[in-house]
Amino acid sequence: MPGLSKGRVAIVTDSTADIPSQLAASRSVTVVPLTLHLGGESLLDGVDITAAEFYRRLPATTVHPSTSQPSPGRFAEAYKALLADHVAVVSIHISEKLSGTYESARQGAEMTDSRRVHVVDSELVSMSLGLVTLVASAMAAGGSDAQTIEDKVVSMRHQVQTYFSVATLEFLRRGGRIGRASALLGSVLQVKPVLCIRDGLVTPLERVRTFDRALNRIVELTREVDQGAGVCVIVGHADALADAERVARQLEPIAETLMIQPLGPVVGAHGGPGVVGVGCYPAGLFPLGLSSTRAVAGQR
């Protein structure tokens, strides 16, 4: 990828970080795709199928889409290419409790040079994984070494919050990613869950009566993250741009960084259409200075 040799340390993530391809390229982030299995096809996430195509095809699928992590060999290939003109690689991935991707990356590092490839379990996913990856890329561009970048990501991961709501819990249940939110299944009440990622797992925070109220709670919870210097926020959505824009508008006054991005096919396969959520952290931890809600509001 052009520009990667400018830094001493290369940054790698996987496609569940849902970083738009143009942003990943401009920040010299290498994205290793997971695979989506949809309607008898195996498609590379964000490569063979875009978010827009996935949500358009989803209603017509009779078999629930499934996903698989990249092979260790695919990671090894990426690491080998990057190590040719970098001192080291920091590879940051979706929570090990949600995917086998971290383990594949770790094996890929052993197949190349595990001393120079630092593989990190972010304990996060999607918008929040994207945020810590962008922090890592900014540090690499600033000349930080691999150990310093890894230490920063590890120290930040418990301070990055993920709040989201789903139109239905069915996709989380079918995909086996429902985690602690299984307690919400079978409720006779028409309630909408407000969910978070805690200890690397999907965890219920509360139940509200309407999706509107769930979005309001997501905004309120995000505001509580502000420690005085604003927040760095990515608003993610699964074919629900209008809802995402509403959340972004409400957060704009306190946002040091604010982006809207579609959730890609792999994350969308597990959350289902209609998901809206935020990844956020107190901006004082590491100001990113990114504010391009309109620029990345469209599909990748």
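How many residues apart are R217 and E220 in helix α8? They are three residues apart in that helix, which means that about one helical turn separates R217 from E220. The tour below starts from the whole chain and returns to this pair.

**Before selecting anything**

The model is a predicted one, in which local features need pLDDT of at least 70 and side-chain atom pairs count only at pLDDT 80 or more, while totals for chains, interfaces and linings use all residues. Residues are numbered from 1 along each chain as its sequence is written, and side-chain values use heavy atoms, with hydrogens and water left out.

**The whole chain**

Show the protein as a cartoon, and the secondary structure comes to 10 helices and 13 strands, where helices (H or I, at least four residues) and strands (E, at least two) are DSSP runs numbered from the N terminus. Of the 300 residues, 56% count as buried, buried meaning under 20% relative accessible area, exposed over 50%, and partly exposed in between (1.4 Å probe, protein chains only). Among contacts (heavy atoms within 4.5 Å) between residues at least 6 apart in sequence, 76% join residues at least 24 apart.

**The parallel sheet**

Select β2, β1, β6 and β7, which in that order form an open sheet of four strands with parallel pairing; two strands pair if DSSP finds at least two bridges between them. Strands of a sheet pair through backbone hydrogen bonds, either parallel or antiparallel. At the edges are β2 (29-32) and β7 (117-121), each of which pairs on one side only. Neighbouring strands of this sheet are turned by 25° against each other on average, direction ignored.

Now move inward to β1 (residues 9-14) and β6 (residues 88-93), which run parallel and are joined by five bridges; as a landmark, find A10, which stands opposite V89 in β6.

Next add helix α4, which packs on the sheet and touches β1, β6 and β7, its direction making about 170° with that of β7. Axes here are lines fitted to C-alpha atoms, for helices over the stretch in contact, and angles run from 0 to 180 degrees between N-to-C directions. Helix α5 (residues 126-141) lies across β1, β2 and β6, and runs at about 170° to β1.

**A salt bridge in α4**

Stay on α4 (residues 101-111) and show the side chains of E103 and R106, which lie three residues apart in this helix, about one turn. They form a salt bridge whose closest N and O atoms are 2.6 Å apart, the term standing for a side-chain nitrogen of Lys or Arg within 4 Å of a carboxyl oxygen of Asp or Glu. E103 is partly exposed, with a relative accessible area of 26%, and R106 is also partly exposed, at 30%. A search of the whole structure finds nine salt bridges.

**The β9-β10 hairpin**

Select β9 (residues 192-198) and β10, which run antiparallel and are joined by seven bridges. The bridge partner of R198 is L201 in β10. Two residues lie between the strands of this hairpin, where D199 takes a positive phi near 55°.

Follow the chain out of β10 to R209, in the loop between β10 and α8. R209 is exposed, with a relative accessible area of 60%, and its C-alpha is 8.7 Å from that of P193, although the two residues are 16 apart in sequence.

**The network around R217**

Show the side chains of E206 and R217, which meet in a salt bridge of 2.6 Å, N to O. This pair links distant parts of the chain, with E206 in β10 (residues 201-208) and R217 in α8 (residues 211-225), 11 residues apart. E206 is partly exposed at 26%, whereas R217 counts as buried at 13% relative accessibility.

R217 also meets E220 in a salt bridge, again given as 2.6 Å, N to O, and E220 counts as partly exposed at 27%. Salt bridges that share partners join E206, R213, R217 and E220 into one network.

**Where α8 meets α9**

Finally, add α9 (residues 241-251), whose axis comes within 10 Å of that of α8 and crosses it at roughly 35°. To inspect the contact, select F211, D212, L215, N216, V219, T222 and R223 in α8 together with D243, R246, V247, Q250 and L251 in α9. By class, this contact has five nonpolar, three polar and four charged residues, where Ala, Val, Leu, Ile, Met, Phe, Trp, Tyr, Cys and Pro count as nonpolar, Asp, Glu, Lys and Arg as charged, and the others, Gly among them, as polar.
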